[in-house]
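Please explain this structure, starting with its aromatic rings and ending with the interface between the chains.

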Amino acid sequence: MIFVRRMYNPTLIMTVEAWLKMAIADAEARGLPELVTLLEGLAQATRRLRAAAFGGDARA
Amino acid sequence: MDVHPGPTIDEFGRRLRRGETTAVAAANACLQRIEAANASLRTLILVMRNEALEQARQADRELAAGRDRGPLHGVPLTIKDLIDVGGVPTTAASRVREHHVAREDAPVVARLRDAGAVLVGKANLHEFAFGTTNEDSAFGAARNPIDPSRSPGGSSGGSAASIVSGMALASVGTDTGGSIRIPAAACGIVGLKPTDGELPLGGVVPLSPTLDHVGPITQTVTDAWLLYHALAGQPSAPAFRPAPVRGLRLAVPRPYFCDALEDEVRERFEAAVAALRAAGATVTDTDIPAAADGAAIYLHIVLSEAAAYHAATLDAVPYRYSPAVRQRLEMGRYVLAEDYLRAMAGRNELRRQVDAAVSAVDALVLPTLPIVAPSIGAATVRIGASEQPVRNLMLRLTQTFNLSGHPALSLPCGRTPAGLPCGLQVVGVRGQTGRILQIAAGIERLVA
């Protein structure tokens, strides 16, 4: 039941923004705040990669 | 300026076989240049003086006894210090590998020994090949012999600098996003990334196994032909005939690849295109649309694969990495598996598009670097109205062909008024590296 609710909760979708927030929190917790700028740059690249839609679509 | 190149491999071989020089004389000339310039240029991490002289004496003895191993016989070479030479350290320019000693030669090094080459030293590089300027090295930043305030390019910067400064006649480098072609362009010489999978990667410290390539760095395309064949296990290279430029069908992928060039680089490139047309080549425009996504594809593959290789040492001895390289590797630990696989699918799409672009012509031609060799310490370079990161610019025009796997070569394409070299990149059909060398040799005569 919990699993189903998580799957359909739009706030828990793994967007690039959600990933970036978690990655930054983790980097800071590990004492690596200098990674923040680099992770923001990686997030831009990830947005571009996902927008290019190279990964296919399970509905297609 | 510390530019004192020795003879080409081709020229040295002719003189050697006419009895006008010896392998020992060639090795000594290189060792003298190392003595004179290595401390200031930081070109070599290890000088193999005694081993080199013994190999050279052996080469001379063999030739006197009638045994000629082929074009590499007695030729002094340097090896990027990312590649194993048995019995000596492979430092990868990193303190992480302190006390490492290679147990045996990498297969490409064993082939060079079989071909009679003389190994004079291990060349400096960007730490673990994870950078394009050579600034991050446990042995100090390698410097460009043409202008020591500038980078020789990277990551095989010490390899290219060793040739221009006369410490070797040629070198062997590795290329994951352009690390052979970038320093070749920055130092005004020739660098070849063969078709992917052609040369063995055993005994080479990996950066990204999907994208890593081994290849030659030389003064001329003819020398690249000779060294490429030796690396491929064919020490007696077939006879080399440059392709005539008249009748060549060439294409320039203008969108993306010509969008952001320094003015002087653009002038040299367009002059080269004009010279090719004047000599009878047909030069058309083409497009590789996915190239604009190439940096994103490249980043997700190389970061993930590098992070996986370095995970244990990042946890155990993080302080032994230079800060910038450590940060880049740590960043790779955050890439999601789904994005890595998207990038691998993007690589396949890029390969299809480059296949389509090159199948209609004999070769693609484009600049190798959008800028001249950057000043050491520069983080950004201004192109037009915008400041752009040096790292992004250095990889911008080369990484596409690591992703696609096509053979790509950089050759000199004139110099700016300040004397800084520009490079022209020639890209061919996958599996036809020899053909791209023939085409490049025809072009070299016109534009170098």
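This is a predicted model, and over all its chains it holds four aromatic pairs. One of them joins B:Phe128 and B:Tyr321, whose ring centres are 5.9 Å apart and whose planes meet at 40°, a tilted arrangement. This pair links distant parts of the chain, its two members being 193 residues apart. B:Phe128 belongs to the loop between strand S3 (118-123) and helix H5 (157-164) of chain B, while B:Tyr321 belongs to the loop between helix H10 (294-316) and helix H11 (323-332) of chain B. B:Phe128 has a relative accessibility of 3% and therefore counts as buried. B:Tyr321 is buried too, with a relative accessible area of 4%.

A further pair consists of B:Tyr256 and B:Phe257. Its ring centres lie 5.0 Å apart with the planes at 85°, so the pair is edge-to-face; the angle qualifies because it is over 60 degrees. B:Tyr256 is buried at 11% relative accessibility, and B:Phe257 is buried at 0%. Both values lead to that label because buried means under 20% relative accessible area. The two residues also belong to an aromatic cluster, which B:Phe401 completes.

Rings in chain B also meet charged side chains. The charged end of B:Arg396 is placed over the ring of B:Tyr256, at 4.1 Å from the ring centre. B:Tyr256 thus takes part in the edge-to-face pair, in the aromatic cluster and in this contact with B:Arg396. Elsewhere, B:Arg328 lies over the face of B:Phe130, 5.6 Å from the centre of that ring.

The remaining topic is the interface. The size of an interface is often given as the accessible area lost when the parts come together. Between chain B and chain A the buried area is about 1900 Å², and carbon and sulfur atoms give 68% of this. Chain B brings 23 residues to the contact and chain A brings 20 residues.

What charged and polar links cross between the chains? Four salt bridges are found across the interface of chain B and chain A. Among them is the one between A:Arg50 and B:Glu338, with the closest N and O atoms 3.9 Å apart. This pair counts because the limit for a salt bridge is 4 Å. Between chain B and chain A there are also nine residue pairs in polar contact. On the side of chain B that touches chain A, the elements giving two or more residues are H10, H11 and helix H12 (337-359). H12(B) supplies the largest share of that side, with seven residues.

Key. Residues are numbered from 1 along each chain as its sequence is written. Chains are lettered from A and ligands numbered from 1 in the order in which they are written. This is a predicted model: local features need pLDDT of at least 70, side-chain atom pairs count only at pLDDT 80 or more; totals for chains, interfaces and linings use all residues. Side-chain values use heavy atoms; hydrogens and water are left out. Rings of Phe, Tyr and Trp (its six-membered ring) pair if their centres lie within 6.5 Å; planes under 30 degrees apart count as stacked, over 60 as edge-to-face and the rest as tilted. Helices (H or I, at least four residues) and strands (E, at least two) are DSSP runs, numbered from the N terminus. Buried means under 20% relative accessible area, exposed over 50%, partly exposed in between (1.4 Å probe, protein chains only). A charge sits over a ring if NZ of Lys or CZ of Arg is within 6 Å of the ring centre and within 35 degrees of the ring normal. Contact means heavy atoms within 4.5 Å. Buried area is the accessible area (1.4 Å probe) that two parts lose on being put together, summed over both. A salt bridge is a side-chain nitrogen of Lys or Arg within 4 Å of a carboxyl oxygen of Asp or Glu. A polar contact is a pair of N or O atoms within 3.5 Å; within protein, one must be able to donate a hydrogen and the other to accept it, and residues adjacent in sequence count only if both atoms are side-chain atoms.
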